[in-house]
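Trainee: I should like to understand how the labels attached to this model are justified. May we take them in turn?

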Amino acid sequence: MQTTSRKCPNCGTWNTDTDHCESCDHLLNYQVKLVQEQEQREQDWREREKDKMDLYLARFRNSRYWPVKVVYYILYSVWFLLFTIVSFLAFVVLSHPG
């Protein structure tokens, strides 16, 4: 098994297989911080207050009546197709030189 030694940029102490410095508790492994920040962003996203449009769309998507679901998926498909066409046209116009 390989051990990892890191020198603390704060106090200069060498630490083995730890995420924090043993003498000053400074963060040594920044991947731990990145994972914690990502988890915090995901939790904030789940806990955010949803606007009315999101609630209406969720209600239509999860309706127990199949005609409502069919209308939802047809309108969603039309919106997606329109967005795709507009995006492609924007790409063509912006990538054309001069």
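Mentor: We may, bearing in mind that the model is predicted. Let us begin with D54, which counts as partly exposed at 31% relative accessibility.

Trainee: What makes D54 partly exposed?

Mentor: Its value is 31%, and the class in between runs from 20% to 50%. R48, with a relative accessible area of 28%, is therefore partly exposed as well.

Trainee: How do you know that the side chains of D54 and R48 meet in a salt bridge?

Mentor: The N to O distance is 3.6 Å, and the cut-off is 4 Å, so the pair qualifies. A search of the whole structure finds one salt bridge.

Trainee: Why is there no disulfide between C8 and C24?

Mentor: The sulfur of C24 is the closest cysteine sulfur to that of C8, at 3.6 Å. A disulfide requires sulfur atoms within 2.5 Å, so this distance is too far for a bond. C21 is likewise in no disulfide, the nearest cysteine sulfur, that of C11, being 3.6 Å away. The structure holds zero disulfides.

Trainee: Why are C8 and C21 called buried?

Mentor: Buried means under 20% relative accessible area. C8 has 2% and C21 has 3%, so both meet the criterion.

Trainee: What makes F88 exposed?

Mentor: F88 has a relative accessible area of 52%, and exposed means over 50%, so the term applies. F88 lies in helix α3, residues 66-95. Together with L81, I85, L89, F91 and V92, F88 forms a nonpolar surface patch with about 610 Å² of accessible area.

Terms used: Residues numbered from 1 in each chain as written. Predicted model: local features only at pLDDT ≥ 70, side-chain atom pairs only at ≥ 80, totals over all residues. Heavy atoms only, no water. Buried < 20%, exposed > 50% of the residue type's maximum accessible area, 1.4 Å probe, protein only. Patch = residues over 30% accessible without salt bridge, like charges linked within 9 Å, V, L, I, M, F, W, Y side chains within 5 Å. Areas by Shrake-Rupley, 256 points an atom, 1.4 Å probe, with all protein chains shown as cover. Helix = DSSP H or I, 4+ residues; strand = E, 2+ residues; numbered from the N terminus.
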